[in-house]
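Student: Before we begin, I should like each descriptive term to be justified by the criterion behind it. Could we proceed in that way?

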Amino acid sequence: MTETFVVIGGDAAGMSAASKARREDPDLEIIVFEKGDWVSYAACGMPYYVKGDVDSLDDLVQVTPDAFRTERDIDLRTNHEVVDIDPEGRTVTVSTSDDRFEQPYDQLLVATGARAIEPPFDGMDLEGVFTIHDMDEADAIHTYVTETDPETAAIVGGGYVGIEMAEALADRGLDIHLFEMLPHVLQPFGESVATVVEDHLREQDVELHLDTPVEGFGGEGTVTSVDLDSGTVPADIVIVGVEPNVELAADAGIETGETGAIATDEYGRTNYETVFAAGDCAEATNVVTGKPDHVPLALTANRAGRAIGQTVTGTPTKVGEIAGTAIVKAFDLGAARTGVLDEARARDVGFDPTSVEISASTRAHYYPGAEELTVTLVADRESERVLGASVVGREGAKRIDTAATALHADLTVREVAGLDLAYAPPFSPVWDPIATAAKVLAGSLEEST
C-alpha cells in the first residue's frame, strides 16, 4: 500500500519537505495541512512590504497553493488546522470551519513555525497592537498605517524583526520608540555590533528604551500608550515579537529541549521514530558547541525540510548543523554574526576563548565608495579554531559567510588568514577584512605562547 506523509505547516520547512519528498517518490501520498491561507511565503520580506519596498503581498509568495497542487501533485489543504497529534496511533486530528476529522499517517513532520508572543499583561487585545509573524498580520499593519495615519510607533523587542520594523515605520514618517528588556539590541550579535547599531538608530531619530521591560499597553479600545514601571510612553501602533510554536507537539508527548523548541536528532526525528520536526519550532545542533540550539531562520528551515523529505522517502539525510549565521539591515547599516561570540558561553562548553576587533576598509583605500567595516573574531586559544565572528558597517556585511564557512570546516585563524580570497579594488582591499582579523588574531595568539 502507498504510505502517507503528513506535514503540519505550509511554510519553509513544511513545503520544502513536501516538495523534496515528491521529487524522490512520485507514488508517496503527501498531505500538507496549513491553518491559514498562505503557504511558501518569504516571511523575511514582510517588513519591506510594510515599508513599501515590496508592492504586493503576492510578491512574497514563492510557489502558489495551486502550483503545489497541480504541478507538484501535493495534497495541500489550506484553512485546515491540526489540533491534536496521536503519535502512538499515528493520526492527527484536523479542524476546519465546518468539519473535524482524523487523518492517519505513516510519517509526520511538525513544522508549526513560530507564534505571536502574548505577554501576560493587559492591552494585547487593543486595536493597534499587532504581531508580525504571518502574511495576514503584515497586511493588517500595512492597512492600519495607511488608513489611520498613526504618528508614533512602539516596537517591543530589539531583535532582527524589531530593527527592520523600526526602519519600515520610520520610513513611513512615524516617530519610533524601540523597547528592549536587555541592555542592548541584537543580543546574539555581541556588544560591539549592538553599540554601533544603537548609535546609528539614534542618528535616525529612533528613541531607544534599553534595559526596559514593558508592563502593558494602555488605551480605551485603541492603543494610546506603552506602560512601563517608570510611567507611560505615547504610542498609536505597537508591534510585538514571536516565539516557537511547540504546544501542539508538547501536548502530544513530543519532547522539547533546553531551548524550549522541539528536540530532534541529526535527522530531524523527535522522540517518536515516525515524527519529525523542523523550522522555527525545532532545535538543531550548533556546529561550534555540538549542543542543541534554536536559531529560527529561513535557511535553517529550508535545509532541514529538504533533508527530511529525503529521509522519509528512504534516503536518510542529516538536517545539518547550524552556526546561527544571520544578517540584518538597520537603516544604512548592515550587521551580521555567526558562531559563538559570547566568551562566557564558549567557556561553558570547554573552550578558552580569545578575540580581536579590527576596523578595515571594504575596498581599496583609493577606490571611491570605500566604507569602514568592523570585524570581531573569536577563537579558541589552544586549538586556534575559529569560534565566531561579527561584522558591522555600511557595506560588506555579507563577508560573514567567509567566517561561517570557516566554522563548518573547523578552520583555525591561521588557515582563515591564508585563504585565497578574491581581490579587486572595487570590491576589497588586498587583505579582506575577515582575513585581516584572522591575521591579527593569529599574531596575538603567537605572542601569547
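Tutor: The discussion below takes up aromatic pairs, surface patches and backbone angles in turn. This is a predicted model, in which local features need pLDDT of at least 70 and side-chain atom pairs count only at pLDDT 80 or more, while totals for chains, interfaces and linings use all residues. Residues are numbered from 1 along each chain as its sequence is written, and side-chain values use heavy atoms, with hydrogens and water left out.

Student: Why is the pair of F130 and Y144 called edge-to-face?

Tutor: Rings of Phe, Tyr and Trp (its six-membered ring) pair if their centres lie within 6.5 Å; planes under 30 degrees apart count as stacked, over 60 as edge-to-face and the rest as tilted. By this rule there are 3 aromatic pairs. For F130 and Y144 the centres are 5.3 Å apart and the planes stand at 65°, so the pair is edge-to-face. F130 belongs to strand β9 (residues 129-131) and Y144 to helix α4 (residues 135-148), so that this pair links distant parts of the chain, 14 residues apart. Helices (H or I, at least four residues) and strands (E, at least two) are DSSP runs, numbered from the N terminus.

Student: How do you know whether F130 is buried or exposed?

Tutor: Buried means under 20% relative accessible area, exposed over 50%, and partly exposed in between (1.4 Å probe, protein chains only). F130 has 13% and is therefore buried; Y144, at 10%, also counts as buried.

Student: What makes Y160 and F189 an edge-to-face pair?

Tutor: Their ring centres are 5.8 Å apart and their planes are at 70°, so the pair is edge-to-face. Y160 lies in helix α5 (residues 160-171) and F189 in the loop between β11 (175-180) and α6 (191-203), so the pair ties together parts 29 residues apart in sequence. With a relative accessible area of 24%, Y160 is partly exposed, whereas F189, at 1%, is buried.

Student: What makes D84, D86, E88, E102 and D251 a negative patch?

Tutor: Patches are made of residues with over 30% relative accessible area and no salt bridge, like charges being joined within 9 Å and nonpolar side chains (Val, Leu, Ile, Met, Phe, Trp, Tyr) within 5 Å. A salt bridge is a side-chain nitrogen of Lys or Arg within 4 Å of a carboxyl oxygen of Asp or Glu. Asp and Glu count as negative, and these five residues form a negative surface patch. Among them, E88 sits in the loop between β4 (81-86) and β5 (91-95) and is exposed, at 65%.

Student: Which residues make the nonpolar patch, and why is V430 called exposed?

Tutor: Y366, Y367, Y423, V430 and W431 make a nonpolar surface patch of about 550 Å². V430, found in the loop between α11 (413-417) and α12 (433-448), has 59% relative accessibility and therefore counts as exposed.

Student: Why is a positive phi worth noting?

Tutor: Most residues other than glycine have a negative phi. R90 is not a glycine, yet has a positive phi of about 55°; R90 lies in the loop between β4 and β5 and is partly exposed, at 35%. D211 likewise has a positive phi, near 55°. D211 is placed in the loop between β12 (206-210) and β13 (216-218), and its 53% makes D211 exposed.

Terms used:
Areas by Shrake-Rupley, 256 points an atom, 1.4 Å probe, with all protein chains shown as cover. Charge placed at Lys NZ, Arg CZ, Asp CG, Glu CD.
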